[in-house]
Amino acid sequence: MKYDVIGDIHGCFAELNELIKTLGYTFVNGLPIHADGRQLAFVGDAMDRGPASIQTLKLLFLMQDAGKLLYAPGNHCNKFYRYAKGNRVQQTHGLETTVAELDVLSKQEKVRFLARYRLFYERLPLYVALDTGQLIIVHAGIREQMIGSPFSKSIQSFVLYGDISGKTLPDGRPERRDWAKHYNGDPFIVYGHTPVGEARLLKNTVNIDTGCVFGGKLSAFRYPEMTIVSVPSHQPFHPEKFTYFT
Ligand SMILES: [Mn+2]
């Protein structure tokens with residue numbers, strides 16, 4: 001099977017559509033279909049910050065209903081799930097934009113959407129293993145010894161938030177260690193979470209979060225070809241949101 005793994009969408013539905021078409025898919029009854037039988041996959045964080053989180057999620061719901069969804073949840077997915085359950089969560093870091101989209105809907109539509117989202121999230125794995133375990137799709141990162149291990153809170157934290165040090169950066173964001181630098185596993189890891197100017201290939205890992213919602217681009221990693229396909233963002237450019245690894 002061949003895959004096209006899409007980076008963090010963050011509500012950039014227009015760019016998602018353009019990327020899916022650029023990859024050679026056509027929409028049949030709302031579902032992206034590829035003539036060569038390719039499959040889409042996602043590194044998570046489909047919502048928050050961008051202009052069209054609800055539309056993006058509705059496409060993912062449709063794919064899930066059709067049994068065609070390969071999606072690794074991200075930290076924004078987890079926070080929105082807690083919101084959808086009625087937990088008290090801070091409406092910051094982009095959640096406020098998704099909530100604003102919901103607030104335009106009727107009460108009934110909002111309740112129905114949140115119920116559908118809870119079901120969506122509850123059906124997701126922590127990460128997606130494909131090609132007999134040789135391809136791993138995960139939101140923020142994973143350590144070799146975590147692959148195939150039973151669920152634990154520390155694995156959940158790592159896949160959602162990455163290798164956080166517990167320290168806070170001057171701008172208030174949690175410090176993230178460069179886990180990929182220390183990854184020496186055989187399975188190839190496709191991940192996102194940390195916006196980079198260009199898709200970053202390092203050993204058997206690739207970060208495909210090219211910061212679409214911050215004015216970069218939306219990227220896909222083609223497997224097994226190991227090539228990148230991107231479309232430019234429609235959003236204003238915020239260079240300070242990108243990480244430049246050394
Ligand atoms: Mn993230």
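These exercises work through a metal site, a sheet, a buried threonine and a set of aromatic rings in a predicted model.

**Exercise 1. The manganese site**

Task: Identify which residues coordinate the manganese ion, and find what the pair Asp45 and His139 ties together.

Solution:
- Step 1. List the donors. They are Asp45 (OD), Asn75 (OD1), His139 (NE2) and His193 (ND1), at 2.1 to 2.2 Å.
- Step 2. Read the spacing along the chain. The donors follow D-x29-N-x63-H-x53-H.
- Step 3. Place two of the donors. Aspartate 45 lies in the loop between strand S4 (39–42) and helix H2 (53–65), and histidine 139 in the loop between strand S6 (135–137) and helix H6 (153–161), so the pair ties together parts that are 94 residues apart in sequence.
- Step 4. Check exposure. Aspartate 45 and histidine 139 are both buried.

**Exercise 2. The five-stranded sheet**

Task: Give the strand order of the open sheet and name its edge strands.

Solution:
- Step 1. Write the order: S5-S6-S9-S11-S10, with mixed pairing.
- Step 2. Find the strands that pair on one side only. These edge strands are S5 (128–130) and S10 (200–202).
- Step 3. Add the angle. Neighbouring strands are turned by 15 degrees against each other on average, direction ignored.
- Step 4. Inspect one pairing. S5 and S6 run antiparallel and are joined by three bridges. Leucine 130 has leucine 135 in S6 as its bridge partner.

**Exercise 3. Threonine 210**

Task: Decide whether threonine 210 is buried or exposed, and find what its side chain reaches.

Solution:
- Step 1. Locate the residue. Threonine 210 sits in the loop between strand S11 (205–207) and strand S12 (217–223).
- Step 2. Apply the cut-off. Buried means under 20% relative accessible area. Threonine 210 has 1%, so the residue is buried.
- Step 3. Follow the side chain. The backbone oxygen of lysine 217 is reached at 2.6 Å.
- Step 4. Look at contacts beyond four places in sequence. Among them are Val196, Glu198, Leu218 and Phe242.

**Exercise 4. Aromatic pairs**

Task: Classify the ring pairs Phe42–Tyr71 and Phe80–Tyr83.

Solution:
- Step 1. Count the pairs. The structure holds 13.
- Step 2. Take phenylalanine 42 and tyrosine 71. Their centres are 6.1 Å apart, with 40 degrees between the planes, and the pair is tilted.
- Step 3. Place both rings. Phenylalanine 42 lies in strand S4 and tyrosine 71 in the loop between H2 and helix H3 (75–84), so this pair ties together parts 29 residues apart in sequence.
- Step 4. Take phenylalanine 80 and tyrosine 83. The centres are 5.8 Å apart and the planes at 15 degrees, so the pair is stacked. Both residues are in helix H3, three residues apart, or about one helical turn.
- Step 5. Widen the view. Ring pairs link these residues into a cluster including Phe42, Tyr71, Phe80, Tyr83 and Phe113.

Definitions and conventions:
Residues are numbered from 1 along each chain as its sequence is written. This is a predicted model: local features need pLDDT of at least 70, side-chain atom pairs count only at pLDDT 80 or more; totals for chains, interfaces and linings use all residues. Side-chain values use heavy atoms; hydrogens and water are left out. Donors are N, O and S atoms within 2.8 Å of the metal (3.2 Å for Na, K and Ca); water is not among the atoms, so sites may look incomplete. Helices (H or I, at least four residues) and strands (E, at least two) are DSSP runs, numbered from the N terminus. Buried means under 20% relative accessible area, exposed over 50%, partly exposed in between (1.4 Å probe, protein chains only). A polar contact is a pair of N or O atoms within 3.5 Å; within protein, one must be able to donate a hydrogen and the other to accept it, and residues adjacent in sequence count only if both atoms are side-chain atoms. Contact means heavy atoms within 4.5 Å. Two strands pair if DSSP finds at least two bridges between them. Axes are lines fitted to C-alpha atoms, for helices over the stretch in contact, and angles run from 0 to 180 degrees between N-to-C directions. Rings of Phe, Tyr and Trp (its six-membered ring) pair if their centres lie within 6.5 Å; planes under 30 degrees apart count as stacked, over 60 as edge-to-face and the rest as tilted.
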